[in-house]
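This report looks at a single loop residue, at a pair of crossing helices and at the nonpolar interior of a predicted model.

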Amino acid sequence: MRVAALETLGCRNLTPGRLDLGEGITLLWGPNGAGKTNVLEAICLALSGRSSRTRNEREAITFGQQLTRIAAEVTDGGETHMFRWSLDRSGERRHLVDDSPATAEHAELRPPLTIFLPDRLALVKGPPALRRAHLDRLCAALWPARAEARRRYGRALAQRNALLGRIRSGAASVDSLVAWEQELAAVGMELITSRREAVDLLASGFAEAAAELCLPGAAELRYLPRTGAADAGQLAAELHDRRDADLARGYTVHGPHLDELAVSLAGRSLRRYGSQGEQRAAVLALLFAERRALLEAGRSPPLMLLDDVMSELDARRRARLATRLAEGGQSVLTATEPDHLPGGCERTEVALRRGEAMGAPAGARPRSSPLAA
């Protein structure tokens, strides 16, 4: 499964055109301001309906234009699916898959996305909620049958919190918490088990990738659940014991919705004590460890979108990163110079220049236009 082509119209500073992507590595190179990062954002918008750079997606509309349209062609064996995303200045938004409104089920028709931007280090330096959500998405990719666990836990947690409010107001009895505590505990243990197994799969690959990126000291991933419960019955008992505290606050203060994925280097937390360079390398190491875990599990590897990942690496680390990219799957990375990617690495190269259509000489007309639909 891969993205075969991208076409944009009215997207940031990109001149309308079509870009064909390689099956393995596609290198987008050109001077600063040529729109390389905008191409990665366009891919993300077409496939997921969300920007990788901003919450205000109107920023993606070219200055002076009224709307933007983006289309991505995804191939999987003999099947082809078209993902389209559009937005106008009024806020009218459309996200379509094969001309039908995109739903959660359509995610199975595209590769999962892994995105690295130099200024987006929240996966390491941000709050625990971001790492929990990231870990849960990996669990869903590794074990699709478990994908519903996070949503089920969220629903059970919301129901228990709502019930706590009703009990505080006298509209319900404390005994009514029993059923939701049992549900929360049962699904919570499913989440804990999946997270622990995923981190076990990642740990050695993360340490290896971190060493290849020359992080000084042993890099470690650790899953830190809030509970020490061994089964759902014990977790339900812990929730029962904390009812008074939960009623005082009006929400649930214990459970896997507060767990942490700790990222450390030489025994120190990279979130608290890591330099920006160390945090950047740790994010990359984690993404590559996840990619290898998916490949070894026989799952669809993620489409890796890597922005300016080579600029701060020396020649040895560039070579090691290129070897990682060549392990399998599709990746699109940007650079200001083509030699930022080692010469022996097989790739598809696309030079971007201001005012030129993507993947075409200046003045060339784009081919068949999925944006017209």
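## Loop residue, helix pair and cores

Thr62 sits in the loop between α1 (36-48) and β4 (67-76). With a relative accessible area of 17%, Thr62 falls under the 20% limit and is therefore buried. A polar atom of the Thr62 side chain lies 2.5 Å from the backbone oxygen of Arg12, and, when residues up to four places away in sequence are not counted, Thr62 touches Gly10, Cys11, Arg12 and Arg89.

Turning to the helices, the axes of α3 (residues 128-142) and α5 come within 9 Å and cross at roughly 85 degrees, so α3 and α5 are roughly perpendicular to each other. The residues that make this contact are set out by helix below.

| Helix | Residues in the contact |
|---|---|
| α3 | Arg132, Leu135, Asp136, Leu138, Cys139, Leu142 |
| α5 | Leu191, Ser194, Arg195, Ala198, Val199, Leu201, Leu202 |

By character, the residues of the contact of α3 with α5 comprise nine nonpolar, one polar and three charged.

The largest nonpolar core of the model has 64 residues, and those with the most contacts inside it are Phe206, Leu306, Leu321 and Leu333. Helix α5 (residues 177-212) gives the most to this core, contributing 12 residues. Leaving aside neighbours within four places in sequence, Leu333 is in contact with Ile25, Thr26, Leu27, Leu28, Leu306, Val309, Met310, Leu325 and Leu341. A second, separate core of 29 residues includes Leu28, Val39, Leu45 and Val74.

Conventions: Residues numbered from 1 in each chain as written. Predicted model: local features only at pLDDT ≥ 70, side-chain atom pairs only at ≥ 80, totals over all residues. Heavy atoms only, no water. Core = buried A, V, L, I, M, F, W, Y, C linked by side-chain atoms within 4.5 Å. Buried < 20%, exposed > 50% of the residue type's maximum accessible area, 1.4 Å probe, protein only. Helix = DSSP H or I, 4+ residues; strand = E, 2+ residues; numbered from the N terminus. Contact = heavy atoms within 4.5 Å. Axes fitted to C-alpha atoms, helices over the stretch in contact; angles between N-to-C directions. Parallel < 35°, antiparallel > 145°, perpendicular 65-115°, else oblique. Nonpolar A, V, L, I, M, F, W, Y, C, P; charged D, E, K, R; others polar. Polar contact = N/O pair within 3.5 Å; in protein donor to acceptor, adjacent residues only side chain to side chain.
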